[in-house]
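Trainee: I have a model open and would like to learn how to read its features one by one. Could you walk me through it?

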Amino acid sequence: MQAAIYVRVSTDDQARHGFSLAEQREACRARASSLGASTIREFADEGISGSIMDRPGLTSLRGAVRNNQVDLLVVRDPDRLSRKLSHQLLLTEEIEKAGVRLEFLDFDWKDSPEGRLFYSVRGAISEYEREKIRDRMSRGKDQKARQGGIPIGFYNYGYNYFPDTGKVTINDAEAPMVKNIFIWFAYEDIGMNGIARRLNETGIPTRKGRGKWHRNVIRQILRNPVYIGYWNYKDFSIPVPSIVDAETWNKAQQKLKEARRLWAGLSKNDYLLSGIISCSECGNTMTGVYTKWWDKKERRYTCRKNSQGAKNKGCVPAKALPAQVIEDAVWEQIQIWLDDPDALANEVISEEPREEELRQELVRIEEHINNNDKGRGNILDSLALGLIELDAITKNKLADLKRRKERLENRKRELETVLSEAQRHVAGLEELRLISKQILSRLSCLDFDDRKALVRLLVSQVIIAGRSRPGRNGLKDIQITIVAKLPEQIDGSIFSNILR
Ligand SMILES: [Zn+2]
């Protein structure tokens, strides 16, 4: 086996560390011999800085490697080859590509953190090199991209773009909105729908100056790395002026990831609203179906009932609405209620008879029962005193009083139940006030079952009117009515994993 060793010291090394060529030479030769070298050629550079590539020793080594005169090369560490990482990467790649086994004395290639870092950096760099080769071969307008110019079609909200020069500048009117969107999303408890609504409510114009902000637009903005200064065009990343700082951008990406995870776990069998969603046109409950709609298979809710013996077959033509947009809207409402539990309470209480009215009715019922009992007692007394006969009239009267008492007792029990539920609602609302902020801040920790439970805690039903039109998606043509309910006692187990 033909071995080679490469040794190098700079004048600085010698002066400062007392390293000598002799030491390196000896150690490298010993390693080469132990690895079975039959001949050992030596390449040396003395007193030459490792930051330049043009070194006589190194140059002749590379020549020998190219000419297949080397099977094994021993060097003390990558620094001997070059002080510059980029040169180290270039040289080690060149050497290994020539089929030479490369050995370092003081550097463990595979089993040390430094070695692994070196390797992964090298991997990334050679990937980059490949990209460069690829781009060298690609054509025309990519040329502009490589030079850092913007080729075509740079239309990003927040920027001005000048197609003639390829120049991109920050749009002073739009950029602050971009900043706001990121800051709201990253640091507030607000979702993409909420941001869209906020922008629409404040009358901020969209890029085209017409139309409304939609969550999809907000999502595109939040995911676009252009706002931290990288415009990705094909394989190129072209620097542009940034609008958002890296910390905010990262925070927003984190939240996006959580939001994705929130729904990502949903299988075709997971329907957040099953059991509480119904169609306002036909009155059927809607069930989840995983179905092909136009070109895409997705989760939908339908009021169609195909089962044998279904009384109401549902709307004609069949109606199947995208589950995601409806669930997003409900989820958004849940967040609003958690943010303001009293708004939820007001909505529910205006629907229900007032507790006070129920109490008054209960008092009246109890009076009726007393009077009823008195009347019956009077009849029985009169009978006992022989003042009246137990004739048919008296019998009927007694039977009437008995039936009446039963009805009154039933109504009394009903009222008591409603009142004790109302009591529990008050307790539940109280509890909700206490923990809503906590739940809100940790919504992303809830798994699907917990989310389902949370929806059922605050929503009694979801009623859908309208139908989405072919080729159009979203909520434009659908009206969603979300009927609030006050939580009864909050079952701690729902939130056990987040309220700790
Ligand atoms: Zn229907």
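Mentor: Gladly, and let us begin in a loop. Leu 387 sits in the loop between helix H14 (355–384) and helix H15 (392–441). Keep in mind throughout that this is a predicted model.

Trainee: Is Leu 387 buried or exposed?

Mentor: Exposed means over 50% relative accessible area. Leu 387 has a relative accessible area of 63%, so it counts as exposed. Together with Leu 385 and Ile 388, Leu 387 makes a nonpolar surface patch of about 320 Å².

Trainee: Let us turn to the sheets. What is the strand order in the open sheet of four strands?

Mentor: The order is S2-S1-S3-S4, and the pairing is parallel. Strand S2 (39–46) and strand S4 (101–104) are at the edges with a single partner strand each, so each has one side without a neighbour in the sheet. On average, neighbouring strands here are turned by 20° against each other, direction ignored.

Trainee: How many bridges pair strand S1 with strand S3?

Mentor: Four bridges, in the parallel sense, pair S1 (residues 2–9) with S3 (residues 72–75). To find one on your screen, start from Tyr 6 and look for its bridge partner in S3, Val 75.

Trainee: Which strands does helix H2 lie across?

Mentor: H2 (residues 21–34) lies across S1, S2, S3 and S4, and it runs at about 160° to S1.

Trainee: And helix H3, which of its residues are buried?

Mentor: Buried means under 20% relative accessible area. In H3 the buried residues are Gly 57, Leu 58, Leu 61, Gly 63, Ala 64 and Val 65. Their cover includes S1, S2 and S3, along with helix H4 (78–81) and helix H5 (85–97).

Trainee: What should I look for in the backbone angles?

Mentor: The general idea is that most residues other than glycine have a negative phi, and most peptide bonds are trans. Now look just past H3: it is followed by Asn 68, whose phi is positive, near 55°. Asn 68 lies in the loop between helix H3 (56–66) and S3, and with 58% relative accessibility it counts as exposed.

Trainee: Where is Pro 317, then?

Mentor: Pro 317 is in the loop between strand S11 (296–302) and strand S12 (320–322). The peptide bond from Val 316 to Pro 317 is cis, with omega near -5°.

Trainee: What is the pairing in the open sheet of three strands?

Mentor: The pairing is mixed, and the order is S9-S13-S14. Here strand S9 (277–279) and strand S14 (478–484) are the edge strands; each has a single partner strand, so one side of each lacks a neighbour in the sheet. Neighbouring strands are turned by 25° against each other on average, direction ignored. S9 and strand S13 (residues 459–466) run parallel and are joined by three bridges, and Ile 277 has Val 462 in S13 as its bridge partner.

Trainee: Which helices lie across these strands?

Mentor: Helix H12 (residues 323–339) lies across S9, S13 and S14, at about 40° to S14. Helix H16 (residues 448–458) lies across S13 and S14, at about 90° to S13.

Trainee: Charged side chains next, please. How many salt bridges does the structure hold?

Mentor: Side chains of opposite charge can pair when their charged atoms come close. The structure holds 17 salt bridges. One of them joins Asp 77 to Arg 76, with the closest N and O atoms 3.4 Å apart. Asp 77 also forms a salt bridge with Arg 80, where the closest N and O atoms are 3.5 Å apart. Both Arg 80 and Asp 77 are buried, and Arg 76 is buried at a relative accessible area of 13%.

Trainee: Which residue forms a salt bridge with Lys 412?

Mentor: Glu 366 does, the closest N and O atoms being 3.8 Å apart. Lys 412 lies in helix H15 and Glu 366 in helix H14, so the pair ties together parts that are 46 residues apart in sequence. Lys 412 is partly exposed at 21% relative accessibility, and Glu 366 is partly exposed with a relative accessible area of 31%.

Trainee: Which residues are linked in a network of salt bridges?

Mentor: Arg 25, Arg 29 and Glu 42 are linked in such a network.

Methods
Residues numbered from 1 in each chain as written. Predicted model: local features only at pLDDT ≥ 70, side-chain atom pairs only at ≥ 80, totals over all residues. Heavy atoms only, no water. Pairing = 2+ DSSP bridges. Helix = DSSP H or I, 4+ residues; strand = E, 2+ residues; numbered from the N terminus. Axes fitted to C-alpha atoms, helices over the stretch in contact; angles between N-to-C directions. Contact = heavy atoms within 4.5 Å. Patch = residues over 30% accessible without salt bridge, like charges linked within 9 Å, V, L, I, M, F, W, Y side chains within 5 Å. Areas by Shrake-Rupley, 256 points an atom, 1.4 Å probe, with all protein chains shown as cover. Salt bridge = Lys/Arg side-chain N within 4 Å of Asp/Glu carboxyl O. Buried < 20%, exposed > 50% of the residue type's maximum accessible area, 1.4 Å probe, protein only.
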